Every structure is written in structure tokens, then in C-alpha cells.
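User: Please walk me through this model. I would like short answers with the reasoning shown.

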Amino acid sequence: MARVGLTSERLTRAGAELADEVGFDQVTVAELARRFDVKVASLYSHVKSSQDLKTRIALLALEELADLGAAALAGRAGRDALIALGDVYRDYAREHPGRYAATRLRLDPATAAASAGGKHAQMTRAILRGYDLAEPDQTHAVRLLGSVFHGFVSLELDGGFSHSEPDSQETWTRVLDALDALLRNWPAP
């Protein structure tokens, strides 16, 4: 019999909060059961396993991030859109480090196709329309932006910029300026 008030959605949200507190890699059904003061077995009617829970958290995080990105991009183009999307990723990672880590979870092809992951690529491609890049350069640029956003955010979260000057915000601004300049002057093959 399922415990009153426990649902897959509630457990997923609690798992996302747990991920932000202790790290995504530390999220387990057992730890979630401790949080709810229930036996682990009582959660298995809502989530199949710790991997299922992590997948649900990843899907939630991808959806949250896509919604924030779409709102930030509304009415923007070119450099303004680039900065807005970059800032959304960075801010989300700083506010929700466990959820951000969850967005990097490798999903099986069917789950990935049904996730908000595709929206992330669409948002990045929408930015690139302001730079007039044709294929395959547009795909190269999507990969570049994803790599730079994720790489910077990951290094920053891990403290990689905390030991030296200038301030990481100053570097972030310069990185976005450099990306804008590159996208406006994309090299010919």
C-alpha cells in the first residue's frame, strides 16, 4: 500500500532538492526514504530504482532549464540572446548544482528524444539564426556553445576560478564577448 502523499512527482522534486544539497551522484532511493521517514520498499511503487529516480530528476532539470531559457530568449536576438541563454545556464547551475549535474546524465535514446533536451538545441539554434550560420557550421556552433557554457560552469562550480584574479564574472563577460565575435566572424572551411 502506497504511503499517503507520496507520488512519483513529489519524490522526483524531493530528489532534485536532495541533489542540490548533497550532489547528484549521492542521490539514492534509500536516502530519499530516510528523508521521508519511510521504508525503502514503500518508494518502489513510485520509482523503480535509484537510476529511475536519477532519470526523473534529469528530466525535471532539463524541463526547468528549457523553460527558463525560453523565457530569457523571448524577444532577443544575436548577442543579447547569446548572453541571456549563457546566463540562464550559469545561474541555474549556481542555484541548483545537483539538478544542473543531472542535466548531463546520459539518457537512453527514447527517453532523450522525449525529453526537453531537444528544446535546448532548438534554443541554441534560435540564437544562431542571428549570426546567419548555415549547416554544417550551425551544428559546429551549437556544439561549441554547449561546450563553452558547460565547461565554464563546471570549472566555476568546482572552484577552478576561485584562486586567482580576475573575478570569474569578468571572465564570463569576456567569454561571451569572444563567442559573439567568433559567431559574427565564423571562419570559412
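User: Which residues does the UniProt annotation "domain: HTH tetR-type" cover?
Analyst: The model is predicted. The annotation comes from an unreviewed UniProt entry. In the model, the annotated span is 70% helix and 0% strand, and its end C-alpha atoms lie 27 Å apart. The entry places the domain at residues 5–65.

User: How far does α1 reach from its first C-alpha to its last?
Analyst: α1 has 15 residues. At 1.5 Å a residue, 21 Å is expected. The model comes close to that, at 20 Å.

User: What covers the buried residues of α1?
Analyst: The buried residues of α1 include Leu11, Ala14, Leu18 and Asp20. Just after the helix, Gly23 takes a positive phi of about 105°. The cover over those buried residues includes α2, α3, α4 and α6.

User: Is Thr55 buried or exposed?
Analyst: Thr55 sits in helix α4. Leaving aside neighbours within four places in sequence, Thr55 contacts Leu105, Leu107 and Thr111. Its relative accessible area is 17%. The cut-off for burial is under 20%, so Thr55 is buried.

User: Which helix gives the largest share of the largest nonpolar core?
Analyst: That core holds 52 residues. Helices supplying at least two residues each include α1, α5, α9 and α10. The largest share is 10 residues, and it comes from α4.

User: Which residues does Leu183 touch, not counting those up to four places away in sequence?
Analyst: Leu183 is among the core members that touch the most others, along with Leu82 and Leu128. Leu183 touches both of these. The full set is Leu82, Leu128, Tyr131, Leu133, Ala141 and Leu145.

Notes:
Residues numbered from 1 in each chain as written. Predicted model: local features only at pLDDT ≥ 70, side-chain atom pairs only at ≥ 80, totals over all residues. Heavy atoms only, no water. Core = buried A, V, L, I, M, F, W, Y, C linked by side-chain atoms within 4.5 Å. Buried < 20%, exposed > 50% of the residue type's maximum accessible area, 1.4 Å probe, protein only. Helix = DSSP H or I, 4+ residues; strand = E, 2+ residues; numbered from the N terminus. Contact = heavy atoms within 4.5 Å. UniProt positions renumbered as here; feature names shortened; annotations may be inferred. Expected span 1.5 Å × (residues − 1).
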